[in-house]
Amino acid sequence: MNARILPYVLILPVTIFLCVFFLYPFVLVAQQAFGTGSGFSLENFREVVSYWKFPISLKNTLLLAAAVVPIQLALALLMATMVNRMQKGRDLVLYIWTIPLGISDLAAGLIWLAIFEQSGFLNTMMSGLGIVDRPVNLLSYQHPGVVFLAIALAEIWRATAIMLVILVAGIGLIPKEYYEAAEVFGASPWKRFLRITLPMLRPSLQTALVLRVILAFEIFAVVAALGGTLFPVLMGETYAYQFDLLNNGAAAAMALIILAISIAFTLVILRILRVPKGATI
Amino acid sequence: MTLLSKIAGPVSGLAIMCSAVAAQADVLFWSTQAKPVEEAQAMREQVLSGFGDAVDYQPNDGGPWLTRLNAELQAGSGSIGLLGGLHGDFSAMNPDDLVDLGDLGVTSASDTFNNLAKLGTDSLQYIPWMQASYIMAASKKALEYLPDGADIDALSYDQLIEWSANVHEATGEPKFGFPAGPKGLKHRFFQGYLYPSYTNGVVRTFASDEAVVAWEKFRELWEHTNPASTNFSFMQEQLISGEAWIVFDHTSRLAQAFNDMPDDFVAFPAPAGPTGRGFMPVLAGVAIPRTAPDMDAAKALVAYMLKPETQIETLRATNFFPVVDVDLPDDLPASVQAAGAAVAKMSGSADANPGLLPAGLGDKGGDFNRVFVDAFERIVLARQDIRAVLDDQKGQLAAIMEETGAPCWAPDAPSDGACPVE
């Protein structure tokens with residue numbers, strides 16, 4: 001086959017797939033969000049934004065992302081550097097650390113529910129140690145802080161591995177010569193991490209952060225399992241519009257709002273962590 | 001030849017699969033009711049096994065239920081033969097999508113139900129199938145704390161609060177249980193019990209001074225309510241576990257407690273307020289979508305569901321009561337006997353003030369419920385000012401009523417056109 005056409009032929013299937021299963025549904029969703037029967041209107045957006053729970057769910061979603069993502073980033077960096085230094089058993093440790101990746105988010109939520117609920121492990125332990133007289137209901141509307149903490153913990157436990165995997169791959173790509181040169185000049189391990197690892201990891205950090213932040217805005221099942229309606233988030237409200245209120249237009253509008261937030265944050269991350277032109281590893 | 005033989009294998013496999021599917025042309029019974037596994041299994045084995053043809057009973061949540069139905073309706077062809085759902089499920093649909101069943105010759109014994117089932121048209125759009133209600137239940141351990149002079153079959157809200165307070169004081173724990181979880185039916189308590197009992201209305205009186213009193217009373221009751229109630233959806237679980245001693249819920253969501261431990265619990269009518277003993281009957285129906293593949297089989301199945309024997313089997317399977325006149329046998333499960341007696345006392349009480357299911361709201365039923373759920377979350381959980389919350393929520397309620405044009409239903413006084421929020 002002609003070498004000039006071949007690349008296009010090869011990407012054709014995936015292009016068609018994306019058009020049919022991503023672009024086309026996306027256009028339909030946008031139509032639903034902007035149309036209320038007669039032409040273009042912002043009625044759906046006005047409706048969802050003016051609802052009294054919208055500011056709360058927006059705040060909760062952003063707060064959760066702000067609390068969870070930095071911790072995950074730090075943890076993933078730490079774990080990736082540790083794995084990278086290991087001589088023996090590296091694969092085994094990596095496999096164990098990535099186990100949470102294979103668990104669905106709802107299952108992860110349920111695991112943490114088993115820990116935090118009134119008859120859960122935490123309560124059994126606390127009453128066994130004599131800290132509390134009788135099991136306390138931790139996940140209730142009276143303890144919003146504990147609900148938040150439980151959700152954040154479950155998220156950190158569940159989704160740090162995805163950053164870890166990307167960062168481990170990225171660290172592996174950094175040439176050893178840089179470190180050797182730094183050692184010759186007497187750079188401390190911390191200096192080497194700051195001056196070599198972090199800058200060289202930029203492309204991986206970019207990917208990891210973009211993925212993780214987008215997922216953080218889509219958080220749903222973990223919150224549903226642990227917080228129920230006590231901790232409204234954007235995705236939960238979207239679900240409620242679609243399935244409880246059967247209001248497709250409002251649900252589509254919510255989906256687009258989440259998309260807009262995701263795109264905005266993606267652009268910010270890409271901008272901050274951009275790799276200067278011509279600078280390659 | 002090799003290519004042909006390669007293709008021949010999969011093709012013949014496909015052909016066998018297709019013919020196997022065709023041979024299984026059961027009537028698909030697509031339902032939002034009897035969802036728990038035991039109930040669904042009882043529906044298949046005890047209720048539907050008596051029907052001549054094979055029936056594929058598939059219960060599902062409301063959302064997926066409607067999504068598949070709408071997909072089939074939009075495609076113009078489908079595999080669902082019979083729909084089972086609550087009145088609210090059907091009233092959210094366009095009546096044109098349901099086959100007129102007025103000429104079928106089967107109806108329920110209640111004119112109120114038959115009128116509801118017309119969905120505002122001249123003909124029955126669904127056939128009333130079974131009914132239930134919401135009642136109170138209590139652990140027998142709580143009975144000794146009943147206030148002096150209180151009759152458990154004729155309680156007032158004040159007595160209920162006092163009773164719950166007594167239990168709270170004696171055990172050191174709040175033991176009233178309320179289904180305020182995500183899947184709990186809390187909105188029905190406000191629409192069919194609290195509001196009719198205090199304001200003699202639901203929509204007209206939503207933000208009245210009497211409504212403020214009602215919410216104040218509910219706040220008092222909430223002081224003695226297990227705070228974990230915001231996770232409770234099926235109160236039978238908390239009755240059995242002992243987390244709650246006095247509870248309110250749907251009869252079928254209390255059934256397991258009575259069936260598992262018949263000697264430990266009592267069922268009794270809902271309490272009364274200044275304007276009577278508000279209570280809400282629940283109605284489920286069966287309907288045929290216009291895309292049903294085999295219309296005759298579907299209609300035959302509707303007629304079968306309404307036969308007295310089937311109705312009694314349905315009662316055993318689901319704890320929903322018959323809608324036709326039947327003589328109930330004596331060997332019914334404990335839950336049916338307990339709930340049946342409580343419902344009879346409630347509807348037969350001198351101060352009974354039945355609040356009907358919301359009607360005429362179309363697909364705004366969910367929004368209507370949300371007005372009440374939001375009021376609960378803001379007034380009771382977030383402890384916002386009652387007057388301010390009601391005045392704020394009132395605007396949403398008025399918008400829903402105006403958009404749908406739904407006329408008032410009992411106990412609100414009848415209206416010309418959309419029911420006004422006063």
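Residues 58–269 of chain A are 76% helix and 0% strand, and the C-alpha atoms at the two ends of this span lie 20 Å apart. The UniProt record, an unreviewed entry, lists this stretch as "domain: ABC transmembrane type-1". Please keep in mind as you look around that this is a predicted model.

Step back to the whole of chain A, and the helices continue: the chain has 13 helices and zero strands. Its C-alpha trace spans about 70 × 65 × 35 Å along the principal axes. Of the 281 residues in chain A, 29% are buried. Among the contacts in chain A with a separation of 6 or more, 73% are between residues 24 or more positions apart.

Now let us visit one pair of helices in chain A. Two packed helices are described by the angle between their axes and the distance between the axes. For helix H3 (residues 53–85) of chain A and helix H12 (residues 234–244) of chain A, the axes come within 8 Å and cross at roughly 140°. H3(A) and H12(A) are therefore oblique to each other. To find where they meet, look on H3(A) for Lys53(A), Ser57(A), Leu58(A) and Thr61(A), and on H12(A) for Leu234(A), Gly236(A) and Glu237(A). Sorted by class, this contact of H3(A) with H12(A) has two nonpolar, three polar and two charged residues.

Stay with H12(A) a little longer. Its buried residues are Leu234(A), Met235(A), Gly236(A), Glu237(A), Thr238(A), Ala240(A) and Tyr241(A). What covers them? The cover includes H3 of chain A, along with helix H10 (202–217), helix H11 (221–226) and helix H13 (248–272) of chain A. After H12(A) comes Leu246(A), a residue with a positive phi, near 55°.

Chain B brings strands into the picture, with 11 of them beside 15 helices. The C-alpha atoms of chain B fill a box of roughly 90 × 50 × 45 Å along the principal axes. How does chain B compare with a compact globule? For 422 residues such a globule would have a radius of gyration near 22 Å, and chain B agrees with this because its value is 23 Å. Half of the chain is tucked away, in the sense that 50% of the 422 residues of chain B count as buried. Of the contacts in chain B between residues at least 6 apart in sequence, 75% join residues at least 24 apart.

One residue makes a good place to pause in chain B. Ala298(B) sits in helix H11 (residues 295–305) of chain B. Is Ala298(B) buried or exposed? Ala298(B) counts as buried, because 23 C-beta neighbours lie inside 10 Å. Leaving aside residues up to four places away in sequence, Ala298(B) touches Val27(B), Gly81(B), Leu82(B), Ile288(B) and Ala292(B). For a sense of distance, turn to Met401(B): this residue is 103 residues from Ala298(B) along the chain, and their C-alpha atoms are separated by 35 Å.

Finally, see where the two chains come together. Here 14 residues of chain B are in contact with 12 residues of chain A. On the side of chain B that touches chain A, helix H3 (62–75) and helix H14 (365–381) of chain B each supply at least two residues. H14(B) gives the most to that side, with four residues. By class, the residues on this side of chain B are six nonpolar, five polar and three charged.

Definitions and conventions
Residues are numbered from 1 along each chain as its sequence is written. Chains are lettered from A and ligands numbered from 1 in the order in which they are written. This is a predicted model: local features need pLDDT of at least 70, side-chain atom pairs count only at pLDDT 80 or more; totals for chains, interfaces and linings use all residues. The radius of gyration is taken over C-alpha atoms; the globule rule is 2.2 Å times the number of residues to the power 0.38. A residue is buried if 20 or more other C-beta atoms lie within 10 Å of its own, exposed if 12 or fewer, and partly exposed in between; C-beta atoms are placed from the backbone. Two residues are in contact if their C-beta atoms, placed from the backbone, lie within 7 Å. UniProt positions are given in the numbering used here, feature names are shortened, and annotations may be inferred rather than shown by experiment. Axes are lines fitted to C-alpha atoms, for helices over the stretch in contact, and angles run from 0 to 180 degrees between N-to-C directions. Angles under 35 degrees count as roughly parallel, over 145 as roughly antiparallel, 65 to 115 as roughly perpendicular and the rest as oblique. Ala, Val, Leu, Ile, Met, Phe, Trp, Tyr, Cys and Pro count as nonpolar, Asp, Glu, Lys and Arg as charged, and the others, Gly among them, as polar.
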